[in-house]
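Reader: I have a structure to go through with you. Could you walk me through it, one question at a time?

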Amino acid sequence: MVDLSLLLDRWSRGDREAFEALIPLVYDELRRLADLYLRNERDGHTLQPTALVHEAYLRLSETNGQRIETRSHFFGAAAMAMRRVLVDHARKRRAAKREAPLVTSAEPAFETPFDVLALNDALDRLAAISPERARVVELRYFGGLSIEEAAKVLRTSPTTVKRHWTFARAWLLRALGPAA
Amino acid sequence: MTGVPPLDWDEVERLFTTALALPDAEARAWLAAACAGRPLLHAEVEALLAAHARPGLQLEHAGTTVVRPPAPGSVLGNYRLGDLIGAGGMASVYRGERIDGAFAQPVAVKVIARPMTDAVAARRVRAEREILAALRHPHIVSLLDAGVTGSGHAYLVMELIDGTPITTFCRDRRLPLAGRLDLFRSICSAVHYAHRHGVVHRDLKPENILVTVDGTVKVLDFGIAKLVEARKAPGVDLGVTAEGTGPFTPTYASPEQVRGIALTTSSDIYALGVLLYELVVGARPYETQGKPYDEVVRLVTQVDPPRPSARTAGPGVPYALHRALAGDLDAIVLRAMAKEPERRYPSADDLGADVRRHLAGTPVVAREPSVGYLARRLLARHKLAAISLAFGLVALVVGLVATTWQARVARQERDRAQAVSRFLGNVFRSANPTATTGPVTVRDLLDQGAAALEKELAGDPAAQAALMFVIAESYDRLAVEDRAAALLDRAVRSWDAAGDTHHRDMHRALRLRGRIYRRGGEFTSAIATLARALHSCHRARRRGGATGRRGGPRRTCVVAGAALGAHDGRSPAGTNPLRRPLRGAAAGLALSLSDERE
C-alpha cells in the first residue's frame, strides 16, 4: 500500500524519487475532486483551485489516518498537480469546442482573463530561463502557498521568494501581452 | 544570436526590484546609469517595470498589493465623498452627498478597494446596479446608484443608515429571546424578498445587518459580494481563499462556499442559521479565528456544530435559556445550518415561518418528520444497503453473543459484546430524527457509526476492526469508495495492532480494499493488497481459523488476476515485477488448501 506520509517524509528530506511517486497520487485526487465539482456545478460558477488543493490535502491526510507533518511539502506537490489538472481541463475544453461547436453544454468553465494554456506556456518559457522562479509562481499561483510556505518548500529565504515572485509576475505579465 | 551574451537573470531581478523601491523619477535615472552601455539589459528591466505598473494586475496574490482608497473630498460621479465612516479589506465606506443638489438625502458611498480594469467588469456593475436598485423592502438598505470610477474602482451609493450591528444591538440592549427572534424574522422576510428577485446576498453576517435606534432592522450589501468577486479572475485566481482572506466571512460561510462551489439562495439560508445561532446563544457555532484554512474547511464541511442548547448548558448561564433553546430552536438552527443544501429550509420564508411557529407554540417543521416516515424513506432510497447493513450488524452481535453463551468464556468476550451493542444503540439513537435535523439516510448512519466507532471501542481494536469492516462494506455498496477505503485501511491497522492478523474478516477486508484500488486504476496497490489478502487467508487456514468456504480465496485470486491483467496492459510483456509476490502468496494458499483436502 502506498504510504503518503512516508513519501512526503522522504521527499522533505530531499528524495527526488519519492516526489515522483507522490505526484500521480495527488494528481488523481485533485482530478477526481475537480471532476466531481465540475459535474455538480451550475453555469457561471467556477472552482477555486486553492480551495481544491486544501480539500485534497484534507482528504489524503485523513485517508492516511494521521496528520501530515510536512504540510507545506504536500502543497508543493499539489501545486504542480493542480497546474496539470487545470491545463488538462483547458485542453479538453478547447478540443471539445473545436470538434463540436454546436454543443452548448452547461459545462462550467475555468474562465480566466488570459487562459490557462497561455499561462502554462509562458510559465514553461520562464522555466527555461529560470526554473526556480517558475517554481515560485507554480507554488503561489496553483498551490496557493504563502511566501513563507513557498520558502520552506524551496529551502530558501522568504526574502528571496518574494523577490522572485515580484520579478516572475512582471515577467509573465509581459510575456502574456498587453492586458487591455 | 551570436556575440550577444545572455542576460543574467539574477542581475535583471536585482535591478528590477531595486528600481521598484525607488520613486518613479529617480528610478529612471538610476536605472539608466546602472545599465550604461548595456541597452539589452536596460530594455529588459524597463519592460518588466512597465508590466509591473500595468493596472489591474491579474496575477496578483491576495495581500501583496495595497490599493489606496480615494481621499475624502474626491468626487465620484454625482457624489462628493465626505468622512470615511468605515474601512475593511475589500471596501471603504464614506459619508457622501450629491453634488448636483438633486436631493439632499445623505448617502453612504462604498468604494470597492480593488480596481476592475476590464470592460466586462464595468458592464457587470451596471447590470448589477439595475437589479439591486429594484430591491425595495423596509428591511433592505436601498441602492441608489453605482458606477465605476476612471481609475477602475467600483462604487455603490446607498441610503445612509445610522445603526449598530445586530449582535451588538442585542447585547447592549439585553434584548430578550423573543425580541431577538422577532428581529430575525424581519431579516428572513428581507432575504426572502431579495431571493424572489433573483438576488443572493452571499455575505450575510452581523456587520451587514444593522438595527437603528428605533429598533428597525436593515440588511446591507445585497449582492455586493458578487461585485467584489467580479473583479477577480474566476477559476484560476490565485490566493482567492488561500490564506483565509477570501471574500467570504469564514464563520458565516456555508460548506459549499468554503469549497468555492455553487452559491445559491441556500447558502444564504445557511448564513441565516449561523446568525440565528449567534443571536440565541451569544457565541458563534465554530471558532474559526486564527485557524489555518484547511482546518476551517474541515470544521465547516465536516463537523456538526454543537446544539445551541448544549452551548447554554454550562454554569453561569440561566437554565431558563437552555430550556428555551432545547427542542424547537435547536432543530430550527441545525436544519438551517445543514451541511447539504437540500436538507436546509427550502426558503428564507420557511425558516422565518418556523420561528413564528415556535413563538406561537405550534409544532415546528424542523422537528418533523416521524420515525415511520423516515424509515420508509430510508428503505425506499437505499434498500439494498440498508438491509445488508442491518443484517451485517445483527449477524455480528448474534455471533458475539452466541460465543459468549456457548463457551461462557472470557469475560473479555462478554465485555466486547456489550460494548458493541452499546455502540449500535448509540448510533441508532443519534440517528433519531428528533435529535438531529432532517431525514436520516443510510449514509448518515454510516457516518455517525464510523465516527462513534473511533471513540467507543478504542479499547478493543479487534472488535473495532470487525465493525469497521461491516461499515466499510456498506459504504462500498453506496459507492462511497473513499470512505470505504479509509475504514478498511484503519481496520487492517487495528488487526495488525491487535496481533490478530489471521482474522477471517481480514482476508475479506483486504480483498475489498484491493477491489477498490483496482476500480480506481491503482493496479500496483491493488496487487500488493490482494497478495496480502491471500497471505492472510493462508495464515488463517494454517491456524485452523474458521474459513469454511473455498469460494473466498478463489474470488480473491480472480480479482488479483484482473488487476494483474490490467497492469500488464500498461507494462511491457513479461516484465511485470508484481507477478512474483502474487505467485508466492497463491502458492502458499494452494498448499494449505490441499492440506485441508487430505
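Reader: How much of chain B counts as buried?
Author: Happy to help, and please keep in mind that this is a predicted model. Chain B has 598 residues, and its secondary structure comes to 24 helices and nine strands. Of those 598 residues, the share that counts as buried is 43%.

Reader: Which helix of chain B gives the most to the largest nonpolar core?
Author: That core has 79 residues, and B:Leu272 and B:Leu276 are among the members that touch the most others. The helix you are after spans residues 265–281 and supplies eleven residues. It is helix H9 of chain B.

Reader: Where does this core lie with respect to the domains of chain B?
Author: Look at who contributes: residues come from domain 2 (75–159) and also from domain 3 (163–368). Because both domains of chain B give residues to the core, its place is between domain 2 and domain 3.

Reader: Which residues does B:Val109 contact, leaving aside neighbours within four places in sequence?
Author: B:Val109 is a good one to pick, as it is among the core members that touch the most others. With those sequence neighbours set aside, its contacts are B:Leu76, B:Tyr79, B:Leu81, B:Tyr94, B:Gly96, B:Tyr155 and B:Val157.

Reader: In chain A, is H6 parallel or oblique to H7?
Author: The axes of H6 (residues 131–142) and H7 (residues 147–154) of chain A come within 10 Å and cross at roughly 130°. On the H6(A) side the contact includes A:Val136 and A:Leu139, and on the H7(A) side A:Val153 and A:Leu154. An angle over 145 degrees would count as roughly antiparallel, so with this crossing H6(A) is, relative to H7(A), oblique.

Definitions and conventions
Residues numbered from 1 in each chain as written. Chains lettered and ligands numbered in written order. Predicted model: local features only at pLDDT ≥ 70, side-chain atom pairs only at ≥ 80, totals over all residues. Core = buried A, V, L, I, M, F, W, Y, C linked by C-beta atoms within 7 Å. Buried ≥ 20, exposed ≤ 12 C-beta atoms within 10 Å, placed from the backbone. Helix = DSSP H or I, 4+ residues; strand = E, 2+ residues; numbered from the N terminus. Domains from an automatic or database assignment. Contact = placed C-beta atoms within 7 Å. Axes fitted to C-alpha atoms, helices over the stretch in contact; angles between N-to-C directions. Parallel < 35°, antiparallel > 145°, perpendicular 65-115°, else oblique.
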